[in-house]
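Work through these exercises with the structure open beside you. Try each task before you read its solution.

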Amino acid sequence: MLLQRIITASILAPLVILAVFQLSSTYFSLVFGLIILVAAWEWGNLAGISSPVKRSLLLLALVLPMLGVHFWTQLLEIVAQAFDWPDVRDYSGALDWLVIIPVLFWILIMILIRNTPSGLLKLELKTRYKALIGWFVLLSAWMFFSRLRAFYDVEMAFYFLILIWAADIVAYFVGKKYGQTQLAPEISPGKTLAGMYGALIAGLVCAVALSLIYGFDLMIASDFVLLSVLTVLLSIYGDLFFSLVKRQRGVKDSGSILPGHGGILDRIDSLIAAAPFFYAGIFLIYRLVS
């Protein structure tokens with residue numbers, strides 16, 4: 001199992017890195033969008049949507065706002081010209097503030113998992129509500145990771161990936177070696193407090209390394225340390241959220257497309273939760289220093 005994970009990761013990681021550094025913003029957004037659509041198909045199964053037609057409607061419900069977000073500036077230009085409303089261009093950055101919604105959602109999820117894991121496991125939502133939650137979290141992840149790559153350079157998008165990957169790897173091995181106390185035994189018996197602390201330390205190390213490489217002053221370095229550690233913390237609970245949904249559904253993995261990892265959702269679950277929060281932090285840091 002571990003060997004399969006390593007082989008799959010060693011193939012996927014270079015492809016992802018190439019996509020981050022070599023693709024234009026438009027093509028990167030498209031490729032990541034396709035990944036999100038595969039994840040949405042898997043989410044449809046977890047939500048109990050057995051009909052391929054209804055799952056396809058979920059994908060369509062994602063594609064339409066994706067197009068709207070991608071062509072947001074162009075749409076504003078069309079509105080301005082059609083209605084002679086030049087002030088509408090002032091709303092070109094309005095999408096950035098929408099990040100507040102997914103950030104608050106994931107903080108709430110973290111609090112609920114931390115305090116009432118058994119209650120969440122017993123919670124029975126209708127299929128349409130589960131579909132709506134999946135639509136929301138997947139669209140948010142696509143939107144803000146794509147915007148991170150487009151507006152804050154490839155280096156910041158690459159750092160975000162390194163942060164999530166490093167935390168995931170360190171959590172796995174530290175948890176295996178030293179894990180005794182489980183983090184959320186009702187939801188995911190394999191996750192331990194030791195693994196979580198290892199992941200947080202990995203986030204700290206990543207932030208310090210980034211600060212030294214780019215020569216950040218103490219204030220900016222402190223901001224990056226705090227943002228990185230909190231992003232890792234939220235990514236852990238994002239992982240637990242998807243574990244909870246899988247446990248409710250009675251499955252171990254969201255799919256089987258990736259040997260050793262399961263499905264696409266199994267591979268990007270931490271990223272889905274962390275992307276909006278990290279984007280919000282970068283957005284605020286850049287506004288403070290500009």
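**Exercise 1. The core**

Find the residues with the most contacts inside the largest nonpolar core, and the helix that gives the largest share of this core.

Solution. This is a predicted model. Step 1: the largest nonpolar core holds 84 residues. Step 2: Trp43, Trp106, Leu138, Phe145 and Leu148 have the most contacts inside this core. Step 3: helix α12 (residues 264–289) supplies the largest share, 15 residues.

Now take one of these residues. Leucine 148 touches Asp153, Met156, Ala157, Phe160, Phe278, Tyr279 and Ile282, leaving out residues up to four places away in sequence.

**Exercise 2. Arginine 147**

Decide whether arginine 147 is buried or exposed, and list its contacts beyond four places in sequence.

Solution. Step 1: locate arginine 147 in helix α8 (residues 127–151). Step 2: its relative accessibility is 9%. Step 3: buried means under 20%, so arginine 147 counts as buried. Step 4: its contacts, neighbours within four places set aside, are Leu95, Asp96, Tyr152 and Tyr279.

**Exercise 3. The length of α2**

Check the end-to-end distance of helix α2 (residues 25–46) against the span expected for its 22 residues.

Solution. Step 1: use 1.5 Å times one less than the number of residues. Step 2: for the 22 residues of α2 this gives 32 Å. Step 3: the end C-alpha atoms of α2 are 31 Å apart, which agrees.

Next, look at burial. The buried residues of α2 include Phe28, Phe32, Ile36, Ala39, Ala40 and Trp43. An α-helix has 3.6 residues a turn, so residues three or four places apart point the same way. Just after α2, glycine 48 takes a positive phi of about 90°.

**Exercise 4. An unusual phi**

Say what stands out in the phi of aspartate 153, and whether this residue is buried or exposed.

Solution. Step 1: phi of aspartate 153 is near 70°, a positive value in a residue other than glycine. Step 2: most residues other than glycine have a negative phi. Step 3: aspartate 153 lies in helix α9 (residues 153–178). Step 4: its relative accessible area is 53%. Exposed means over 50%, so aspartate 153 is exposed.

**Exercise 5. A surface patch**

Identify the helix that gives the most to the nonpolar patch, then classify leucine 67.

Solution. Step 1: Val53, Leu57, Leu60, Leu64, Leu67, Phe71 and Leu75 form this surface patch, with about 660 Å² of accessible area together. Step 2: helix α3 (residues 52–70) gives the most, with 5 residues. Step 3: leucine 67 lies in α3. At 43% relative accessibility, leucine 67 is partly exposed.

Terms used. Residues are numbered from 1 along each chain as its sequence is written. This is a predicted model: local features need pLDDT of at least 70, side-chain atom pairs count only at pLDDT 80 or more; totals for chains, interfaces and linings use all residues. Side-chain values use heavy atoms; hydrogens and water are left out. Helices (H or I, at least four residues) and strands (E, at least two) are DSSP runs, numbered from the N terminus. Buried means under 20% relative accessible area, exposed over 50%, partly exposed in between (1.4 Å probe, protein chains only). Patches are made of residues with over 30% relative accessible area and no salt bridge: like charges are joined within 9 Å, nonpolar side chains (Val, Leu, Ile, Met, Phe, Trp, Tyr) within 5 Å. Accessible areas come from the Shrake-Rupley method with a 1.4 Å probe; for residues, only the protein chains shown count as cover. A salt bridge is a side-chain nitrogen of Lys or Arg within 4 Å of a carboxyl oxygen of Asp or Glu. A nonpolar core is a set of buried Ala, Val, Leu, Ile, Met, Phe, Trp, Tyr and Cys residues joined through side-chain atoms within 4.5 Å. Contact means heavy atoms within 4.5 Å.
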